[in-house]
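Please read the following points with the sequence and the 3D view open beside you. They take up the empty space inside the protein, and then the ligand and its surroundings.

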Amino acid sequence: MSYQANEKGYYGDFGGAFIPEMLYPNVEELRSQYLDIMKEESFQKEFKALLRDYVGRPTPLYYAERFSKKYGTKIYLKREDLCHTGAHKVNNTVGQILMAKRLGKDRIIAETGAGQHGVATATVCALMGIECIVYMGEIDIERQAPNVARMKMLGATVVPAKSGSRTLKDATNEAIRDWINNPLDTHYIIGSVVGPHPYPDMVARFQAIISEEIKIQLKEKENRENPDYVVACVGGGSNAAGAYFHYLDNPDVGIIAVEAAGKGIQSGESAATSALGKEGIIHGSKTLLMQTDDGQITEPYSISAGLDYPGVGPMHANLFRSGRGEFISITDKAAMDAGLELAKLEGIIPAIETSHALAIFEDRKFKKDDIVVINLSGRGDKDLSTYIDYFGL
Ligand SMILES: Cc1ncc(COP(=O)(O)O)c(C=O)c1O
């Protein structure tokens, strides 16, 4: 059994494309062409060149000595925070802007939560001289102000989403609405491994560069390609999908997914989708979803804007249900403490999303000679005011 998507875009029971008829031509155009386009030699050449010269890849695999010592195991950090624009999101937007150009699109829309995907999209649109519209929840516009400013400076239009919890889910609804109204000239750059097929598979393939590099770098450093565990935080699940991709079907590598427990799983204010979710359909994909008994989506909550999504990508829903992945929920408090700790021990200020992955070591113990790779998905500049207010620094 494979943990990759099958040709219909299913991971086990999850995935597929559950879309309104009006969206069908857009999604079908992409579905029927994405694999062929990605296989083209000229596409791969351009993609790899931009990842190298523009994004700054390969990102380092850094042995975190003081952090390792503290927790009695061997911890490596995959430094996606050092990508241009400060997070893994740009791997996907570089891929998708090249895809959009080959599909002949000249208008780009995107949704964003933490603003990292919005910035990464605005960046590649500036690079290519293409119009860019980013939908963002009103709450997120407030708490991620530095990224809103960056998007504006890059020439993007930021449109506030004012419905629901005014966060990522609502921004995604607005973007889908826009796409239905502009089917011909517009490509929707989804920022995670969510949405209808082919998005989860396409985004995972663009992010797969992360585990492709980990294999090479670990071989150089430890003379083995496989860590014992690969750990990543999960919002929609794209940085995790990239970090797991080349290890998915290798049972020697443990997969650990870290979700946001917010104020506690049972508090009513969380985004711990695997713990709380039931099967349902969100944004065109069948997956695990936080919902009430009668199927209304529960408003998610997390201190991190990039993790408060009520669903999870279908790859991750399948990793959870099949038992292939180990899922851990981390509270706001534990995440914030871990972020501060990494800053003090290693001189690296992580994004609050990433801090969730760093927080597992208080409870989850590893063997002394285990090799644990954590995907350091982003840097914390965008979160400085949240850290400072939280700790009264
Ligand atoms: C730094 C960082 N890490 C993680 C995430 C979560 O997204 P995903 O689960 O798709 O990697 C985000 C989302 O904005 C982010 O900005």
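How many cavities of 30 Å³ or more does the structure hold?

1. The model is a predicted one, and in it there are 4 cavities that reach 30 Å³ or more. As general background, empty space left between atoms can be found by rolling over them a probe the size of a water molecule.

2. The largest cavity contains about 340 Å³ of space, and 32 residues form its lining. Among these lining residues, His88, Lys89, Gly191, Gly236 and Gly306 are the ones that lie nearest the centre of the cavity.

3. This largest cavity is the space that the ligand takes up. Around the ligand there are 18 residues, and those that come nearest are Ser192, Gly235, Gly237, Ser238 and Ser377.

4. Sorted by class, the shell around the ligand is made up of 5 nonpolar, 11 polar and 2 charged residues. Both domain 1 (11–50 + 89–203) and domain 2 (57–87 + 208–391) supply at least three residues to this shell.

5. Three polar contacts to oxygen atoms of the ligand deserve a careful look in the 3D view. A backbone N or O atom of Gly237 is 2.7 Å from a ligand oxygen, while a polar atom in the side chain of Asn239 lies 2.8 Å from an oxygen atom of the ligand. For Lys89, an N or O atom of the side chain is 3.1 Å from a ligand oxygen. Of the 390 Å² of accessible area that the ligand has on its own, the protein covers 97%.

Definitions and conventions:
Residues numbered from 1 in each chain as written. Predicted model: local features only at pLDDT ≥ 70, side-chain atom pairs only at ≥ 80, totals over all residues. Heavy atoms only, no water. Near = heavy atom within 4 Å. Polar contact = N/O pair within 3.5 Å; in protein donor to acceptor, adjacent residues only side chain to side chain. Areas by Shrake-Rupley, 256 points an atom, 1.4 Å probe, with all protein chains shown as cover. 1 Å grid on protein atoms, 1.4 Å probe; cavity = no way out; pocket = protein on both sides within 12 Å on 5 of 7 lines; lining within 4 Å. Sits in = over half its atoms within 2 Å of the grid points. Nonpolar A, V, L, I, M, F, W, Y, C, P; charged D, E, K, R; others polar. Domains from an automatic or database assignment. Points joined across faces, edges and corners; volume = space filled by probe spheres on them.
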